[in-house]
Amino acid sequence: VQLQASGGGLVQAGGSLRLSCAASGSIFSIKFMGWYRQAPGKQRELVAFITPSPTTNYADSVKGRFTISRDNTKNTMYLQMNSLKPEDTAVYYCAAGDISSTYWGKGTQVTVSS
């Protein structure tokens, strides 16, 4: 499974961005997809994930502001981020997992200025 994330950038506090993650390869085996982020000096944390059902789950820090979705026809996952805060600044990574492995895409930088 190969993942390609895009959509990061610089935005002012209160603004919005949409991240995309295009999947290719053995995507039929994927059980979940998600977004993680890692801020400087901090550990990588789960932001949101989505299952094939689809079931979604969010970190408390982004509930009500971020929305994860997927378009199976395009093999793409999205993260709509609204009401962005400076503390959302991080490198965002998309990930996908099957029963044996977790796959990671290269990160995309999101910077929120105050």
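In the predicted model described here, Gln 4 stands opposite Ala 22, a residue of strand β3. The two strands concerned, β1 and β3, the latter covering residues 17–24, are paired in the antiparallel sense, and five bridges make up this pairing. Both strands belong to an open sheet of four strands, in which the order is β1-β3-β8-β7 and the pairing is antiparallel. The edges of this sheet are formed by β1, which spans residues 2–6, and by β7, which spans residues 66–71, each of these strands being paired on one side only. From one strand to the next, the twist averages 15 degrees.

Strand β3 also takes part in a covalent link. In general terms, a disulfide is a covalent bond that joins the sulfur atoms of two cysteines. With sulfur atoms within 2.5 Å taken as the criterion, the count for the model comes to one disulfide. This disulfide is formed by Cys 21 and Cys 94, whose sulfur atoms lie 2.3 Å apart. Because Cys 21 is located in strand β3 and Cys 94 in strand β9, which comprises residues 90–97, the pair ties together parts that are 73 residues apart in sequence. The torsion about the S-S bond of Cys 21 and Cys 94 is about 65 degrees, and the disulfide is therefore right-handed.

The surroundings of the two cysteines were assessed by relative accessible area, with residues under 20% counted as buried. Cys 21 has a relative accessibility of 0% and therefore counts as buried. Cys 94, for which the relative accessible area is 0%, is buried as well.

Notes:
Residues are numbered from 1 along each chain as its sequence is written. This is a predicted model: local features need pLDDT of at least 70, side-chain atom pairs count only at pLDDT 80 or more; totals for chains, interfaces and linings use all residues. Side-chain values use heavy atoms; hydrogens and water are left out. Two strands pair if DSSP finds at least two bridges between them. Axes are lines fitted to C-alpha atoms, for helices over the stretch in contact, and angles run from 0 to 180 degrees between N-to-C directions. Buried means under 20% relative accessible area, exposed over 50%, partly exposed in between (1.4 Å probe, protein chains only).
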